[in-house]
Amino acid sequence: GVPDRSQGREGWMLTLVDPDNRPPFDLQRAAAVPQACLSDGGPVPAASGPEAGRQEPDLDWRDHRTKVQLTAALLGARRRHPGLFTRGAYRPLAVRGPAGRHVVAFCRSQRRVWSMVVVPRLARTVAGPGAFPVGAGCWGATAVQLPDTAPRRWHQLTTGDEIQAHRRWVPVADLLGRGPVAVLLGRS
């Protein structure tokens, strides 16, 4: 995949328009994106201070910086592990639990390096009308099943969190509790 970076539209574009009919580029908004977002794929800083205990995830999907940070993290991982993303074995992952049909998960592996991607599907159905569409509270006992040979410890690229599998299962609340998607790396 090639990131959609055409005409400076690094942020979300929540419109159904032809690419040739894009609105003018907002230079002031783009200038407000901190340089940390454009680093070499480092983790997004976690919330601290009075916001640390809030219920919403640290990565707000409505903020254009989240997409820029996610893109930077993924490009950094792809730069460090090119074979994993171009030739790695693809494996869909089973998801079990009350919200299992609302999660899509897969992993890739090459030699001992693994990546795992977990995204919500029809998240508003899980969270309810007007509720934040992701977060730890809406997933209940839903969990992703890992292959036998997969790592048990994972590093979440966008938050910097270390995620631990419980036997061969990872709770979706741990994966999607702080952001709209989970992209992780691990070594077996």
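Two strands pair if DSSP finds at least two bridges between them, and strands themselves are DSSP runs (E, at least two residues), numbered from the N terminus along with helices (H or I, at least four). With that in hand, let's work through some exercises. This is a predicted model, where local features need pLDDT of at least 70 and side-chain atom pairs count only at pLDDT 80 or more, while totals for chains, interfaces and linings use all residues. Residues are numbered from 1 along each chain as its sequence is written, and side-chain values use heavy atoms, with hydrogens and water left out.

**Exercise 1. Work out the order of the 3-stranded open sheet, and find which strands stand at its edges.**

Step 1. Start with β2 and β5 (residues 143–145): they run antiparallel and are joined by 2 bridges. One residue to look up here is Arg-96, which stands opposite Ala-143 in β5.

Step 2. Now extend to the whole sheet, whose order is β2-β5-β8, with antiparallel pairing.

Step 3. β2 (95–96) and β8 (169–171) each have a single partner strand, so they are the edges, and one side of each is left without a neighbour in the sheet.

**Exercise 2. Trace the open sheet of 6 strands and describe how its strands pair.**

Step 1. Reading across, the order is β1-β3-β4-β9-β6-β7, and the pairing is antiparallel.

Step 2. The edges are β1 (89–92) and β7; each has a single partner strand, so one side of each lacks a neighbour in the sheet.

Step 3. On average, neighbouring strands of this sheet are turned by 25 degrees against each other, direction ignored; the axes behind such angles are lines fitted to C-alpha atoms (for helices over the stretch in contact), and angles run from 0 to 180 degrees between N-to-C directions.

Step 4. Look at β3 and β4, an antiparallel pair with 8 bridges. Arg-108 has Ser-115 in β4 as its bridge partner. The hairpin of these strands has 2 residues between them, and Arg-111 takes a positive phi near 55 degrees there.

Step 5. Cross from β4 to β9, also antiparallel, with 6 bridges. In β9, Val-118 has Ala-182 as its bridge partner, and Val-117 stands opposite Val-183.

**Exercise 3. Find the largest nonpolar core and say which elements supply it.**

Step 1. Set the criteria. A nonpolar core is a set of buried Ala, Val, Leu, Ile, Met, Phe, Trp, Tyr and Cys residues joined through side-chain atoms within 4.5 Å. Buried means under 20% relative accessible area, exposed over 50%, and partly exposed in between (1.4 Å probe, protein chains only).

Step 2. The largest such core has 23 residues, and those with the most contacts inside it are Met-116, Val-118, Val-144, Leu-146, Trp-154 and Leu-175.

Step 3. At least two residues of this core come from each of β3 (103–110), β4 (113–120), α5 (172–176) and β9 (182–187). The largest share, 4 residues, is from α5.

Step 4. Apart from this core lies another, of 10 residues, including Ala-73, Ala-77, Val-117 and Val-181.

Step 5. Check the cover over β4: 6 of its 8 residues are buried.

**Exercise 4. Which residues does His-102 touch, and is His-102 buried or exposed?**

Step 1. Place His-102 in the loop between β2 and β3.

Step 2. Its relative accessibility is 5%, so His-102 counts as buried.

Step 3. Contact means heavy atoms within 4.5 Å. Not counting residues up to four places away in sequence, His-102 touches Val-119, Pro-120, Arg-121, Leu-122, Thr-125, Val-126 and Trp-139.

**Exercise 5. List the salt bridges and locate their partners.**

Step 1. The rule asks for a side-chain nitrogen of Lys or Arg within 4 Å of a carboxyl oxygen of Asp or Glu. The count comes to 2 salt bridges.

Step 2. Asp-148 and Arg-168 meet at 2.9 Å, N to O. Asp-148 lies in the loop between β5 and β6 (153–156) and Arg-168 in the loop between β7 (162–164) and β8, so this pair ties together parts 20 residues apart in sequence. Asp-148 is exposed at 56% relative accessibility, whereas Arg-168 is partly exposed at 30%.

Step 3. Asp-161 and Arg-178 form a salt bridge whose closest N and O atoms are 2.4 Å apart. Asp-161 lies in the loop between β6 and β7 and Arg-178 in the loop between α5 and β9, so parts 17 residues apart in sequence are tied together. Asp-161 is partly exposed, at 23%, and Arg-178 is partly exposed, at 22%.
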